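Me: Got a minute to go through this one with me? I have a few quick questions.

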Amino acid sequence: MKRSASLIIGAALVGVVVLACLVSLVWLPFDPNHVVPSARLASPGWPHLMGTDGLGLDIFSRVLAGSRICLLAGIIAVAIGAIIGVPLGVAGAATGGVWGQVIMRAADLVYAFPALLLAILLAAARGGGSVATAMVAIGIASVPAFIRIARGASLQVLSQDYVLAARAAGTTRARIAWSHVLPNIAPVVLVQSSVSFGLAILAEAALSYLGLSAPATTPAWGRMLYDAQPYLFSDPNLATWPGLAIAVAVLGFNLLGDGLRDVLDPTLREVR
Amino acid sequence: MRLSRLLLGRLAAFVVSLLVASLAVFLLLNLLPGDVTAVILGNNATPAAVAHLRSAMGLDDPVLLRYVHWLAGVAHGNLGASAFTGEPVAGLIVPKLAVTISLVGGGMVLAMVLALPAGLFAALHRRQASGQMVLATSQLGMAVPAFLAGIVLVVVFAARLRWLPAGNYVPLTSDPLDWFRHLILPWVSLALVQGAVLVRYVRGAFLDVMDQDYMRTARSIGWRRRRAVWRHGLRNAALQIVTVLGLQLATLFVGAVVIENVFVLPGLGSLLLRSVNGRDLPLVQAIVLVLVALILMINLLVDVAYLVIDPRLRTGRAVVE
C-alpha cells in the first residue's frame, strides 16, 4: 500500500476526536453542566485545564463531551447519504434513460436546499430546532453528493469490457450492479464518506451556533462559540478551544478523504 | 436556433424546479401540526375564535388549494403577510436582501481575488514546495467554518488591534466609508473560507488544461508557458471555474445567514432566524422561497454561462448531462 502523508495526519486527527468521544463516555474531569459561579472565567491551569466559561463550566469537559454530537452528525450524515444516495446513483447509471434523468434532476433540486436551510425549515415546522431536526437535515443534504459520485463511478464501471462480457453471458442487471458495480465503486464512496463527514461537522457546528440543534445542556462546540461571543473582547480563551476542536475534526476528515483518494484511486491522485 | 432551444430547455427546467421546491416548502410548513392561528391568537384563544380565524384565513381549504392560492399571490408579487405584524412580507424582505447581497457579493469578489491567482500559482508550481504550501494552506482554510473565522477576526482586529468594528451595519447611502469599514470583517470571513475551497478547484482546472494537447502544441511552437496559459488556458479553465463559482455563490447565500448573526447585520438571514424563533411561518416560507429561488437562478446562470463560454456545447447534446 502506498504511503500518504494526508492519510497518516488525517487518521491521527480523526483518532484524537474519536478518542475524546470514547473517553467522554466513561470519564469527564467535571460535570459539563455543573454551574460554579465562584469559578467563572478561570484561566487555563489546574484543575480547569482549558479554563472555565462565563457560567463557571469546565471548558475541557465540554470540549471532550462536544465530540459526541460532532461524531453523531457525521455518522448520521454518511449513513443517510450512502444508504439513500448510492443505490439511487447506481440505479440511475444502470437504467439510464428517463429514470436516470429524473434521479439526477431530483438530486439537483435537493442541492438547492443546503443543510442549513433544511434545518431551518424543519425547525420552523416543528416549532424549534432539536438534535433530530438538525441530524435529519444534515443527512438529507448529504444525499445528492453520494448520488452524483455513485452514478459517475458506476457509469465508468458499466462501460468496462467485463461488464459487457457478463451481459453477453446473460447476467441480469441487478446481478451486475451487485457483483461488479458495487465492489468497484466502494473506494469512491469511501472517499466521499470522509468528505461528507467533514461537511456534516461544519453544518452541525453552524446549527448549534445558531441554536437550531441540541439544547444548551448538551455540550456542542458550535454552541460553545455562541456562548463565548459576549466575552470575545475580554476572554477570547472561551472561543479558542471549541474553535480549535472544530478545525481539528474537520481537517482530520478532509485529510483522511484526500489520503484515501491517494491510496485507493491512483488515477485521481493530485500530484502527478 | 440550437442555442435558443437549449436556453429554453434550461429555463423550463428552472421553472419546474422552482415549482417543485415551492411545493415542498409549502407542504413542509403547512402539513405539520401547530398552525399560524395559535401564533396570532395566543394559546388561550377560544375554539370559536380559532375556527373563525381559520376560515377567514382559508386554512380549512385542502392544502393543495391553499398552495395554489399562495402561488397565485406570489406570481402577483404578494408573498403573504407576517403572522405577527400583518405587514406584507415582500416589504420586509427587500431592504434585508440588499444587506445580504452586499455581504455575499463582496465576499465572493474577495474570494475570487484571493483564489484565482493563488490557484494559478499552485498549478504552475505544482511540483515545487511553494505550490504545495498553497494547497496545505487551503486545507487549513477549509477546516474553519466561516462563523469561526469571523469570531477569530473579531478577536484580532476588533478586540486586540481595535482597527475595525466588530459588527453592526451602516447603510451605504448614509455613509459609504463606514458601510465599507463595517463590512470588511464579514467579507473577509466569508472570503477566506470560500477562497480556500475555490483555490483547489482553480488549481485543478488549470492542471487539467495544462495537460491538453493544444498546450503542448503551443509550447512546441515556441510559446512561453505563461503566454500559453494566458491565451488558451484561461478560457478553458474558466468553464470548470464558473461551475464551482455558481455552486459557491449558492452556499454563500446560506452561509450569510450565520455570518449575519456573528456580525449583527440586519440581512435576510437575521430576519429568517427571528421569524423561525417567533414561529412566523408565512415569513419563513417567503424567505426560504426567495433563497431557494436565488440558488436555482444562479444554477440557471451557470448553465447559460457554460453555453456562452464554450461554443462546442451549443452544437452537441453534452450540455444535457
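Me: How many helices and strands does chain B have?
Reply: The model is predicted. In it, chain B has 13 helices and zero strands. Read along the sequence, the pattern is α-α-α-α-α-α-α-α-α-α-α-α-α.

Me: And chain A, how many helices and strands there?
Reply: Chain A has nine helices and zero strands.

Me: What are the spans of the two chains along their principal axes?
Reply: The C-alpha trace of chain B spans about 85 × 60 × 35 Å. For chain A, the C-alpha trace spans about 80 × 45 × 35 Å.

Me: What share of each chain is buried?
Reply: In chain B, 37% of the 321 residues are buried. In chain A, 50% of the 272 residues count as buried.

Me: Back to chain B. Which domains does the assignment give?
Reply: The domain assignment gives domain 1 (2-89) and domain 2 (93-310). Their centres, taken over C-alpha atoms, are separated by 32 Å.

Me: How many residues does each domain of chain B put into the contact?
Reply: Domain 1 of chain B puts in 21 residues, and domain 2 of chain B puts in 19 residues.

Me: Which elements supply the domain 1 side?
Reply: Helix H1 (2-31) and helix H2 (36-41) of chain B each give two or more residues to the side that touches domain 2. H1(B) gives the most, with twelve residues.

Me: What's the chemistry on that side?
Reply: The domain 1 side of chain B that touches domain 2 has 16 nonpolar residues, four polar and one charged.

Me: New topic. How many residues are in contact between the two chains?
Reply: 38 residues of chain B are in contact with 32 residues of chain A.

Me: Which helices of chain B supply that side?
Reply: H1, helix H6 (129-142), helix H7 (146-160), helix H10 (225-262), helix H11 (268-277) and helix H12 (281-309) of chain B each supply at least two residues.

Me: And the classes on it?
Reply: The side of chain B that touches chain A has 31 nonpolar, five polar and two charged residues.

Me: What about the core? Which residues touch the most other members?
Reply: The largest nonpolar core has 173 residues. Ala119(A), Ile201(A) and Ile287(B) touch the most other members.

Me: Where does this core lie relative to the two domains of chain B?
Reply: Domain 1 (2-89) and domain 2 (93-310) of chain B both give residues to the core, so it lies between them.

Me: Which residues does Ile201(A) touch, not counting residues up to four places away in sequence?
Reply: Ile201(A) touches Cys70(A), Ala73(A), Gly74(A), Ile246(A), Ala249(A), Val250(A) and Phe253(A).

Me: Last one, H4(A) and H5(A). What angle do they pack at?
Reply: Helix H4 (residues 115-126) and helix H5 (residues 131-158) of chain A pack at about 145 degrees. Their axes are 8 Å apart.

Me: Is that crossing left-handed or right-handed?
Reply: The crossing of H4(A) and H5(A) is right-handed.

Me: Which residues meet there?
Reply: From H4(A), the residues include Ala115(A), Leu118(A), Ala119(A) and Leu122(A). From H5(A), they include Thr133(A), Ala134(A), Val136(A) and Ile140(A). By class, the contact of H4(A) with H5(A) has eleven nonpolar, one polar and one charged residues.

Notes. Residues numbered from 1 in each chain as written. Chains lettered and ligands numbered in written order. Predicted model: local features only at pLDDT ≥ 70, side-chain atom pairs only at ≥ 80, totals over all residues. Domains from an automatic or database assignment. Contact = placed C-beta atoms within 7 Å. Helix = DSSP H or I, 4+ residues; strand = E, 2+ residues; numbered from the N terminus. Nonpolar A, V, L, I, M, F, W, Y, C, P; charged D, E, K, R; others polar. Axes fitted to C-alpha atoms, helices over the stretch in contact; angles between N-to-C directions. Left-handed = near helix turned anticlockwise from the far one by under 90°. Buried ≥ 20, exposed ≤ 12 C-beta atoms within 10 Å, placed from the backbone. Core = buried A, V, L, I, M, F, W, Y, C linked by C-beta atoms within 7 Å.
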